[in-house]
Amino acid sequence: MYTGIQHLHSGVAYLALLALAGVFIYALIGALSGREFSEKDRKIALIAFILCHIQLLVGIILYFISPLGFEMLSAEGTMKDAGARLVALEHPIMNILAIIIISVGYIRAKKLSISKARFRSIYMAYGVGLLLILWRIPWSAWLG
Ligand code: HEM
Ligand code: HEM
């Protein structure tokens, strides 16, 4: 169970990061081009939104079954160890915050009426969200 969820979280991470970067560039170009925000644009932004939600759900499950999540948070010395603090505390908190920002950007874009503002709501939120996520990824565990 743990290994499966761990691999799922690692695999969806690639998809979510790629989708966020792609939609960020796509929405930025959309805003600069001055064209109308269409239903197709919303659906493209929705792809990254859903991948982030899936990753959020998988991450929360992982947090409670992994020895590096909640279990480690309550262990002795975790706060003094930068690597342990990163996975048990900073990565989860920062990513929940990032996904909230991304979600608000997408939902706002649905409600706004001026096309440029709708594109901007997406590229700003996705851009900030992506940076926050990249900032607190346990890189050495993932790629090292
Ligand atoms: C812990 C897990 C999750 C939380 C806390 C969460 C939370 C939310 C919230 C707050 C909204 C916004 C509702 C609104 O005001 O419009 C939303 C919408 C949505 N979520 Fe999630 N979600 C989670 C997991 C998922 C998963 C696993 C999926 C897909 C497999 C998903 C797909 C969606 C979709 C499609 C929408 C609607 C998007 C739209 O309005 O166009 N979510 N979710
Ligand atoms: C878009 C959001 C997220 C991305 C891109 C992401 C990405 C990653 C990556 C790349 C790893 C390292 C995987 C590996 O070692 O192979 C990881 C580990 C982990 N993530 Fe996330 N994550 C996200 C959100 C979350 C959230 C919201 C939580 C918890 C609430 C969470 C909990 C964890 C935990 C506990 C680990 C360490 C698990 C272990 O190896 O046992 N993640 N994450």
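The following exchange goes through a predicted model and asks what lies behind the terms used for it.

Reader: What makes up the protein in terms of helices and strands, and what does the C-alpha trace span?

Author: The protein holds six helices and zero strands, so that the elements read α-α-α-α-α-α from the N terminus on. Along its principal axes, the C-alpha trace spans about 55 × 30 × 25 Å, and buried residues account for 41% of the 144 residues.

Reader: Why is Y14 called partly exposed?

Author: Y14, which lies in helix α1, has a relative accessible area of 44%. Buried means under 20% and exposed means over 50%, and because 44% falls in between, Y14 counts as partly exposed. As for its place in the fold, Y14 and L51 are 37 residues apart in sequence, while their C-alpha atoms are 10.0 Å apart in space.

Reader: What makes Y14 eligible for a nonpolar patch, and which residues form that patch with Y14?

Author: A patch residue needs over 30% relative accessible area and no salt bridge, and Tyr is among the nonpolar side chains that are joined within 5 Å; the 44% of Y14 therefore passes the area cut-off. On the surface, Y14 forms the nonpolar patch with L15, L131, L134, W139 and L143, and together they have about 610 Å² of accessible area. Helices α1 (2–33) and α5 (115–135) each supply at least two residues of this patch.

Reader: How do you know that R35 and D41 form a salt bridge, and is each of the two buried or partly exposed?

Author: The closest N and O atoms of R35 and D41 are 3.0 Å apart, and because the cut-off for a side-chain nitrogen of Arg and a carboxyl oxygen of Asp is 4 Å, the pair counts as a salt bridge. The two partners fall into separate classes: D41, with a relative accessible area of 2%, is under the 20% limit and therefore buried, whereas R35, at 33%, lies between 20% and 50% and so counts as partly exposed.

Reader: What makes R85, E90 and R136 a network of salt bridges?

Author: E90 forms a salt bridge with R85, with the closest N and O atoms 3.1 Å apart, and the side chain of E90 also meets that of R136 in a salt bridge at 3.2 Å, N to O. The pair of R136 and E90 links distant parts of the chain, for R136 sits in the loop between α5 and α6 and E90 in helix α4, 46 residues apart. Both distances are within the 4 Å cut-off, so R85, E90 and R136 are linked through E90. R85 at 26% and R136 at 23% each count as partly exposed, because both values lie between 20% and 50%. A search of the whole structure finds four salt bridges.

Reader: How many residues line the largest pocket, and which lie nearest its centre?

Author: The largest pocket, with a volume of about 830 Å³, is lined by 31 residues, of which H9, L62, V87, H91 and P138 lie nearest its centre. Helices α1, α2 (39–65), α4 (82–111) and α6 (139–142) each supply at least two residues of the lining.

Reader: Why does the lining of the largest pocket have no charged residues by class?

Author: Only Asp, Glu, Lys and Arg count as charged, and by class the lining has 20 nonpolar and 11 polar residues, with no charged ones. His is not among the charged residues in this scheme, so H9 and H91, which are lining residues, count as polar.

How values were computed. Residues numbered from 1 in each chain as written. Chains lettered and ligands numbered in written order. Predicted model: local features only at pLDDT ≥ 70, side-chain atom pairs only at ≥ 80, totals over all residues. Heavy atoms only, no water. Patch = residues over 30% accessible without salt bridge, like charges linked within 9 Å, V, L, I, M, F, W, Y side chains within 5 Å. Areas by Shrake-Rupley, 256 points an atom, 1.4 Å probe, with all protein chains shown as cover. Helix = DSSP H or I, 4+ residues; strand = E, 2+ residues; numbered from the N terminus. Buried < 20%, exposed > 50% of the residue type's maximum accessible area, 1.4 Å probe, protein only. 1 Å grid on protein atoms, 1.4 Å probe; cavity = no way out; pocket = protein on both sides within 12 Å on 5 of 7 lines; lining within 4 Å. Points joined across faces, edges and corners; volume = space filled by probe spheres on them.
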